[in-house]
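Q: Please take a close look at one part of this model, the sheet with mixed pairing, and describe how its strands are arranged. After that, go on to the ligand site and to a few single residues elsewhere.

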Amino acid sequence: MPTGRADPGPWGDRAGTEAAWRLVYGEFAPAEERLREALCTLGNGYFATRGAAPEARAGRVHYPGTYIAGCYDRLPSRVSGRTVVNEDLVNAPNWLPLTFRVQDGPWFAPGRFPLLDYRQELDLRRGLLCRWLRYRDDAGRVTAVDQQRLVSMDDPHVAALRTTIRAENWSGSLEVRSGLDARVRNRGVARYRGLANRHLVTEAAGADGELLWLTADTVTSAVRIALACRNAVDAREVTRRETRDEPGWIARHLTVAMSPGETVTVEKVVGLHTSLDSSAVPPAAAARRSAERAPCFAELRTRHGRAWERLWRRGRLDVGGGPAQRTINLHLFHVLQTVSPHTAGVDAGVPARGLHGEAYRGHVFWDELFVLPFLCLRFPEVVRALLRYRVRRLPAARRAAREAGHTGAMYPWQSGSDGREETQVLHLNPRSGRWLPDNSRLQRHVGLAIAYNIWQYHQTSGDLEFLCEQGAETLLEIARFWASVATYDRSSGRYDIRGVMGPDEYHDAYPDADRPGLDNNAYTNVMAAWTLWRALDVLDLLPSVRRAGLRERLALTDDELARFEDVGRRLRVVFHRDGIISQFEGYERLTELDWEGYRRRYGDIRRLDRILEAEGDTANRYKVSKQADVLMLFYLLTADELRALFGRLGYRLDHETIPRTVRYYLARTSHGSTLSAVVHAWVLARSDRLASWRFFLEALDSDLHDVQGGTTAEGIHLGAMAGTLDLAQRCYTGLEPRDGVLRVAPTLPPGLPGLAMELEYRGHAGLRLFADDTGVSLRLPLSTRPPIRVALDDGPVTDLAAGRSLRLEPGRRDERGRAGRGDR
Ligand code: BGC
């Protein structure tokens, strides 16, 4: 019987209310400016520019920054009497500079004159950053400014700024200065200020007719970055036109005569190319061509808006309106500005802090574990490209494993340009002022995240070609590494993994040990067992000829596969005496922290590691975690999968172990990473909906309200942003693509009335899904693709054919008629 609710979702109303698409600031607030710059960054997956005021230079209040995906440079620095080498995502030449002055007075800058009005608005739907302001200068002249900018989602090499200036009550000359600035450095993070930061050498700059251009090379990596811009003034006559330059800077000065009530509009259209582009045209020529050929601002904005419309159609996630909806839109906006279909044309990974700032030097960590599973069901082609970033660095990972005395592939904890380990050797504790050894490179589990994503991508896309060509090889080499790292303990008949770190960065060594590293981190061991198991599955999935070819190429013998099987069945998992899964061997012997005492003394104790170190103590002594570690297992694998995996390892995971383990670590975690709230929201989703909802809200707040106190200004937290999207997409819907069946099992938290989305699954685009507490509605658009197989929870599997709808409710299943051609 039809249930009457088969149509997926309330599209176009709640998620569509204007407030859900705008981030608005009604006043200029210098103390918040850097945070707003990060949150108002515009980008297109090829490059991004912080939302800094065009007239601003880097200083206490402002920090303009432009970052190009995959554009890194390495420099040596002297720290604490030693030389360290760091690789940075390069702050590229600034294309924004534009200011003006009246009658040869001082140049306009927000702090310089009293502002009468100020409003800044980020338009998420259309990808525009807008600013309106009025000010009065010392001579009583009132001037209004209206600005819009975009970083084109249509043409990834183009950005544009349109400025309209109005003389409200004065007449006289107005001189506009529009420039390109290569004098920038990497100075966005206070903690790194003692380090070398001058990554650019200006190669050349010049002016040709309407165009200005500038090229700069990075110091060590020798990447050429070329910018060109075209400045156009609307109809009125330019009385003076001059070009001024100095090393690293070139600007056009345009003077016009103004009368009261008159406006002038200046359009700056910019082309940006680098020698990293896969193009036969040299970057300087390409940048000039882009700037010359790009249409006017209005046309650019139309094309850019259409490109965003297409992205929103594929990415949009309707959580039912309200403030959560706006933050969800904001998060999706920034995820897609960092990794978009344009990223597919670039050799770049998933930078943990987006292309929005310089924290963590633009490096690529394991955070893609929180990003790619969401994108798999939306933009599979982007996921494939991002996985290829890892595939291309397989030789470097093999070399690293070999140098460490192992086989297979050992991926670096922090990755940049060429796949070598980029984790710094020393890090600064700003609280104590001490530079300390940084052992976080021992987080070898990063490879497990790559394996997990390869598998996840295959499960959702069904793309066998990627698996045959590259995915299987990468996953097998990662598995090989773990099989080689594990050492056999005769007395227990178990394999151990020693000397590593888990995701919880508070523990990098045993108290009083003279060497870093911990033994048998549960997350690492269990996910290594999972990877070894999947490696065998992956081989089975390959057509026999491809399998034989790959095995031959990798010299993967039967003996080695037998070792995969053996290690995968006998890796050790340590439990506390009462059955809680131990984060690592010996965790149970650590001291309990006086949480209340520390909260009382310090208030915010998210960064307990820094607090304890500054006290001359160490987090290594205590049962404290920065973020979810053991609980990551419940984040990545379902209870059924875990039970099967533990069973294969010869351990019993009874019903109570999971909730008990969750409670245990929840009480001992300070959430010093924004990833932590995402994981906790996930693992509590089914057992404590209210607690899950609270963590979800906290994760939504992470960047918008800068909950870590100052970190967002240095770059958004991409993993947390994407993690919230995935909570809505997969966790609360119970969506699980597994073995060719798409399973759903919604459990919505109290604040979410329903969830609507459009997914890509196994070659079907536009699979619409609506879930609420009563069940799930699905609709598949017409296509020539074969039906998909769906199921509610563990219930029976049903085919859903293209052009049909399906309603799944507990205890009820009903298929409706064909969807009309006009259906979206
Ligand atoms: C977290 C890591 C994360 C890194 C980059 C750290 O604070 O502990 O898990 O990969 O930030 O986002």
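A: The answer starts with the mixed sheet and then moves to other places in the chain.

The model is a predicted one. The sheet in question is open, has 4 strands with mixed pairing, and follows the order β23-β24-β28-β29. Its edges are formed by β23 (736-738) and β29 (798-800); each has a single partner strand, so one side of each is left without a neighbour in the sheet. From one strand to the next, the twist averages 35°. As background, the strands of a sheet pair through backbone hydrogen bonds, and the pairing can be parallel or antiparallel. Both kinds of pairing can be followed at β24.

On one side, β24 pairs with β23 in the antiparallel sense, over 3 bridges. Within that pair, glutamate 736 stands opposite arginine 743 of β24. The two strands make a hairpin with 2 residues between them, and aspartate 739 in the turn has a positive phi of about 50°.

The pairing with β28 is parallel: 4 bridges join β24 (residues 741-744) to β28 (residues 788-792). Here valine 744 stands opposite leucine 792 in β28.

The side chains of β24 come next. In a regular strand, side chains alternate between the two faces of the sheet. In β24, Val741 and Arg743 point one way, while Leu742 and Val744 point the other way. All of these residues are buried, Arg743 included.

A residue from a helix can be linked to this region. Threonine 460 lies in helix α8 (residues 446-461). Setting aside residues up to four places away in sequence, threonine 460 touches Pro737, along with Cys376, Leu377, Tyr761 and Arg762. Residue 737 falls in the range of β23, 736-738. Threonine 460 has a relative accessible area of 2%, and because buried means under 20%, it counts as buried.

A second open sheet of 4 strands has antiparallel pairing and the order β6-β11-β16-β15. The edge strands are β6 (98-102) and β15 (240-246), each of which pairs on one side only. The twist in this sheet averages 20° from one strand to the next. Strand β15 runs antiparallel to β16 (residues 249-258), and 7 bridges join the two. Opposite alanine 251 in β16 stands arginine 244.

The ligand site is next. The residues around the ligand are Ala352, Tyr360, Phe365, Trp366, Asp367, Trp413, Glu505, Lys626, Gln627, Ser673 and Leu675. Several of them place a polar side-chain atom by a ligand oxygen. For glutamate 505, the distance from such an atom to an oxygen atom of the ligand is 3.2 Å. For lysine 626 the corresponding distance is 2.8 Å, and for glutamine 627 it is 2.5 Å. Taken alone, the ligand exposes 310 Å², and the protein buries 93% of that.

Alanine 619 lies in the loop between α14 (608-614) and α15 (632-636). At 4% relative accessibility, alanine 619 counts as buried, because the limit for that class is under 20%. Apart from neighbours within four places in sequence, alanine 619 is in contact with Tyr506, His507, Asp609, Leu612 and Val624. Alanine 619 and glutamate 175 are 444 residues apart in sequence, and their C-alpha atoms are 58 Å apart in space.

Two residues with lower numbers complete the account. Threonine 66 is found in strand β4 (residues 66-79), and is buried, with a relative accessible area of 1%. The side chains of threonine 66 and threonine 49 are joined by a polar contact of 2.9 Å. With residues up to four places away in sequence left out, threonine 66 touches Phe47, Ala48, Thr49, Val90, Asn91, Ala92, Pro93 and Trp95.

Glycine 59 has its place in the loop between β3 (47-49) and β4. At 32% relative accessibility, glycine 59 counts as partly exposed, because that value lies between the 20% limit for buried and the 50% limit for exposed. The C-alpha atoms of glycine 59 and arginine 149 are separated by 22 Å, and the two residues are 90 apart along the chain.

Note on methods:
Residues are numbered from 1 along each chain as its sequence is written. This is a predicted model: local features need pLDDT of at least 70, side-chain atom pairs count only at pLDDT 80 or more; totals for chains, interfaces and linings use all residues. Side-chain values use heavy atoms; hydrogens and water are left out. Buried means under 20% relative accessible area, exposed over 50%, partly exposed in between (1.4 Å probe, protein chains only). A polar contact is a pair of N or O atoms within 3.5 Å; within protein, one must be able to donate a hydrogen and the other to accept it, and residues adjacent in sequence count only if both atoms are side-chain atoms. Contact means heavy atoms within 4.5 Å. Two strands pair if DSSP finds at least two bridges between them. Axes are lines fitted to C-alpha atoms, for helices over the stretch in contact, and angles run from 0 to 180 degrees between N-to-C directions. A residue is near a molecule or strand if one of its heavy atoms lies within 4 Å of it. Accessible areas come from the Shrake-Rupley method with a 1.4 Å probe; for residues, only the protein chains shown count as cover.
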